[in-house]
Amino acid sequence: MAAVVGLTAAGPIELPGGGRFVMPGGYDVHSLINQGEPPVFPRQRQLDDVADLERQVLPVADDLGLTLYIDEGAAWSRPACRVFTWSHGAFRDRDSGCANPDDPELPFDTESEAAFTRVSDAIEHSGVNVHRIEKGGWGPGTSFHLRDSSWRWNWYYSYVPGTPADAPEEVRTETGLGVRLQVHVSGDWWFTVEPDD
């Protein structure tokens, strides 16, 4: 018991090859959200996350020609739902809770199952809790949407090639639902928090 308490108090443990392990009941000080308006992740977490996404996930997404990846877990009697559009076509789980009969995506085939698993594995190895990747759907570049339990906010990182070196540190935009905040993390990477619709 003393070892568990000691490890919990010690905080996160850096793992070889990247990523962090946080003891159950413990917390990672780099992951706590600033409860400002709108709430943002601490700067160091943003830097760590984009480094992990750039090293682990972005190369796989580019290699597969990925334009849409959605991995929604089962909840409230709704089945898990996966959607995957890549260089070989568009695929979706065909369970009635995930798909309408007129949805154009095909059921997953063996090749698309393997490609989806490849993206899922890259996300897991990155340690960044991404459940959706979309190219061009949320503005320029590729967005990596973070899984969360908030009903009020959406958080995501965007890789926007060609971001100018003199890009503003942050951009605030008033929307019909509230303030959208885009923070320039580094290079071609941005962090966005916006009201959930």
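## Basis of the model and overall fold

Helices are DSSP runs of H or I with at least four residues and strands are DSSP runs of E with at least two, both numbered from the N terminus. α2, one of the helices so defined, is followed by Gly65, whose phi is positive, near 65°. The model is predicted, so that local features need pLDDT of at least 70 and side-chain atom pairs count only at pLDDT 80 or more, while totals for chains, interfaces and linings use all residues. Residues are numbered from 1 along each chain as its sequence is written, and side-chain values use heavy atoms, with hydrogens and water left out.

The protein chain contains 3 helices and 11 strands, which, read from the N terminus, run in the order α-β-β-α-β-β-β-α-β-β-β-β-β-β. Of the 197 residues in the protein chain, 39% are buried (under 20% relative accessible area, with exposed over 50% and partly exposed in between, for a 1.4 Å probe and protein chains only).

## Helix α2

Helix α2 covers residues 43–64, and its 22 residues should span 32 Å at 1.5 Å a residue (counted over one less than the number of residues); the end C-alpha atoms are 30 Å apart, which agrees with that expectation. The helix nevertheless carries a kink of about 45°, centred on Glu54, where the bend is the angle between axes fitted to the seven residues ending at a residue and the seven starting there.

The buried residues of α2 include the nonpolar side chains Val50, Leu53, Val57 and Leu58, and Arg45 and Asp49 also belong to the buried set. Towards the C-terminal end of the helix, Val60, Ala61 and Leu64 are buried as well.

## Salt bridges

Counting a salt bridge wherever a side-chain nitrogen of Lys or Arg lies within 4 Å of a carboxyl oxygen of Asp or Glu, the total comes to 10. One of them joins the side chains of Asp49 and Arg45 at 3.2 Å, N to O; both residues lie in helix α2, 4 residues apart, which is about one turn of the helix. An α-helix has 3.6 residues a turn, so residues three or four places apart point the same way. Both partners are buried, because Asp49 has a relative accessible area of 6% and Arg45 one of 15%.

A second salt bridge links the side chains of Arg92 and Asp103 at 3.6 Å, N to O. Arg92 lies in strand β5 (residues 89–92) and Asp103 in the loop between β5 and α3 (110–126), so this pair ties together parts that are 11 residues apart in sequence; Arg92 and Asp103 are both buried. Arg172 and Glu170 also meet through their side chains in a salt bridge, at 3.2 Å, N to O, but here Arg172 counts as partly exposed at 48% relative accessibility, and Glu170 is likewise partly exposed at 39%. Elsewhere, salt bridges that share partners join Arg82, Asp93 and Glu113 into one network.

## The largest pocket

The largest pocket has a volume of about 720 Å³, taken as the space filled by probe spheres set on grid points that are joined across faces, edges and corners. A pocket is an open set of points on a 1 Å grid over the protein atoms alone where a 1.4 Å probe fits, with protein on both sides within 12 Å along at least five of seven lines, and its lining residues have an atom within 4 Å of a point. The lining comprises 23 residues, of which Glu72, His131, Asp148, Ser150 and Asp196 are the closest to the centre. The elements that give two or more residues to this lining are β6 (130–135), β7 (142–146) and β8 (153–159).

## Residues apart in sequence

Phe144 lies in strand β7 and counts as buried at 0% relative accessibility; Phe144 and Ile123 are 21 residues apart in sequence and 10.0 Å apart in space, C-alpha to C-alpha. Leu181, placed in strand β10 (residues 178–186), is also buried, at 3% relative accessibility, and the C-alpha atoms of Leu181 and Phe191 are 8.1 Å apart in space for a separation of 10 residues in sequence.

Ala80 sits in the loop between β3 (68–72) and β4 (81–86) and is partly exposed, with a relative accessible area of 38%. Ala80 and Cys98 are 18 residues apart in sequence and 7.4 Å apart in space, C-alpha to C-alpha.
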